[in-house]
Amino acid sequence: MARTQQGPRLLLAIMGALVALTYQTRRKTFLSVSEVPASDPVVVTTLDFVTKDFNKKSEDPYNFRIARVLKVLKRVTDHMEYRINLEMRRTICLKMEENNCSFQEGELYKKIDCFFSVFVIPWFEKYKVLARNCTDG
């Protein structure tokens, strides 16, 4: 009599374990979150990507350049994600120019504060902006 009830209990335990395992694989578990310096080689290439992506999508006729990096957090899950706070300023170069131009002064001066969240796989040189929020500074 006791053996006939073990089958449904075992089946119920297996189903519970499968549901728990499925839930756990969908949830992102952070392996680490750490602040990293802007001089880190992966951060440097990520900042270059962010700047080019911003200028490509911006409607401003002038390019922007990073004036100051405020904070960089690296989050590691199943991929790397950099969360970057920075200041950007308008340069004297128009969109077609790719030089390291100086910043605008006078009436064309413009500074913006930005937050970027960037998906990064550095060994494949793969970058994707997950979130971008920029406001006039």
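**Disulfides, core and pocket**

The torsion about the S-S bond of cysteine 114 and cysteine 134 is about 115 degrees, so this disulfide (a pair of cysteine sulfur atoms within 2.5 Å) is right-handed. The pair joins distant parts of the chain, with cysteine 114 in strand β4 and cysteine 134 in strand β5, 20 residues apart, where strands (E, at least two residues) and helices (H or I, at least four) are DSSP runs numbered from the N terminus. This is a predicted model, in which local features need pLDDT of at least 70 and side-chain atom pairs count only at pLDDT 80 or more, whereas totals for chains, interfaces and linings use all residues. Residues are numbered from 1 along each chain as its sequence is written, and side-chain values use heavy atoms, with hydrogens and water left out.

The structure holds two disulfides; the other links cysteine 93 and cysteine 101, with sulfur atoms 1.3 Å apart, and is left-handed, at -80 degrees about the S-S bond.

The largest nonpolar core (buried Ala, Val, Leu, Ile, Met, Phe, Trp, Tyr and Cys residues joined through side-chain atoms within 4.5 Å, buried meaning under 20% relative accessible area, exposed over 50% and partly exposed in between, with a 1.4 Å probe and protein chains only) has 21 residues, and Tyr82 and Phe116 are among those with the most contacts inside it. Two or more core residues come from each of α2 (41-57), β2 (62-76), β3 (80-94), β4 (111-121) and β5 (126-136).

Cysteine 114, with a relative accessible area of 5%, is buried, while cysteine 134, at 26% relative accessibility, counts as partly exposed.
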